[in-house]
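Trainee: I would like to learn how to read contacts, charged pairs and helix packing in a structure that is new to me. Could we go through one slowly, feature by feature?

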Amino acid sequence: MSSRPMSEEEAVAAADKEMEARANRAKELLSQRYVGLKRQQEDRKSRKMQLERQMVGMPEDKKQVLRRNLEHEEMLAQKES
């Protein structure tokens, strides 16, 4: 680049380019976060379904305790992430 100062148009163009780059980074981060949240939700549902299959034939009070334990573990895991 030459040592001449930027014109106002060049400065505006450079600022626009920088803002576009920031917006694209923000979009990518949001997209990654959404994918991560979606995966966590699917994993949580899968663990719940697995627990329900394992509890077939158990008394209802025992099922309630196991469900609460799973919910507690899920909450702790979510806080850690």
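Mentor: Let us start with one residue and its surroundings, keeping in mind that this is a predicted model. Not counting residues up to four places away in sequence, Glu74 touches Arg44 and Arg47.

Trainee: Where is Glu74 found, and is Glu74 buried or exposed?

Mentor: Glu74 is found in helix α2, and its relative accessible area is 9%, so Glu74 counts as buried, the limit being under 20%.

Trainee: How should I read a contact between residues of opposite charge, and which salt bridge does Glu74 form with Arg44?

Mentor: The general idea is that side chains of opposite charge can pair when their charged atoms come close. Here the side chains of Glu74 and Arg44 meet in a salt bridge, with 3.8 Å from N to O. Glu74 lies in helix α2 (residues 60-80) and Arg44 in helix α1 (residues 8-54), so this pair ties together parts that are 30 residues apart in sequence. Arg44, at 30% relative accessibility, counts as partly exposed, whereas Glu74 is buried.

Trainee: How many salt bridges does the structure hold, and which residue does Arg67 meet in one?

Mentor: The structure holds six salt bridges. In one of them the side chains of Arg67 and Glu52 meet, at 2.7 Å from N to O. That pair, too, links distant parts of the chain, with Arg67 in helix α2 and Glu52 in helix α1, 15 residues apart. Glu52 is partly exposed, having a relative accessible area of 25%.

Trainee: Which residues are joined into one network by salt bridges that share partners?

Mentor: Glu18, Arg22 and Arg25 are joined in that way. Within this group, Arg25 forms a salt bridge with Glu18, and the closest N and O atoms are 3.8 Å apart. Both residues of this pair are partly exposed, Arg25 with a relative accessible area of 48% and Glu18 at 36%.

Trainee: How do I read a charged residue that has no such partner, and what is the nearest side chain of opposite charge to Lys63?

Mentor: For such a residue, one looks at the distance to the nearest candidate and at the other contacts. Lys63 lies in helix α2 and is buried, yet Lys63 has no salt bridge, since a salt bridge needs the nitrogen within 4 Å of the carboxyl oxygen and the nearest side chain of opposite charge, Glu60, is 4.1 Å away. Leaving aside neighbours within four places in sequence, Lys63 is in contact with Met55 and Met58.

Trainee: Where is the place of Met58, and with which residues is Met58 in contact?

Mentor: Met58 has its place in the loop between α1 and α2, and at 30% relative accessibility Met58 counts as partly exposed. Its contacts, again leaving aside neighbours within four places in sequence, are Lys63 and Leu66.

Trainee: How do I read the packing of two helices, and at what angle do the axes of α1 and α2 cross?

Mentor: One reads the distance, the angle and the handedness, and then the residues that meet. The axes of α1 and α2 come within 11 Å and cross at roughly 160°; angles over 145 degrees count as roughly antiparallel, and α1 and α2 are therefore roughly antiparallel to each other. Their crossing is right-handed. On the α1 side, Arg44, Arg47, Lys48, Leu51 and Glu52 meet Leu66, Arg67, Leu70, Glu74 and Gln78 in α2.

Key: Residues numbered from 1 in each chain as written. Predicted model: local features only at pLDDT ≥ 70, side-chain atom pairs only at ≥ 80, totals over all residues. Heavy atoms only, no water. Buried < 20%, exposed > 50% of the residue type's maximum accessible area, 1.4 Å probe, protein only. Helix = DSSP H or I, 4+ residues; strand = E, 2+ residues; numbered from the N terminus. Lys, Arg positive; Asp, Glu negative; His and termini not counted. Contact = heavy atoms within 4.5 Å. Axes fitted to C-alpha atoms, helices over the stretch in contact; angles between N-to-C directions. Parallel < 35°, antiparallel > 145°, perpendicular 65-115°, else oblique. Left-handed = near helix turned anticlockwise from the far one by under 90°.
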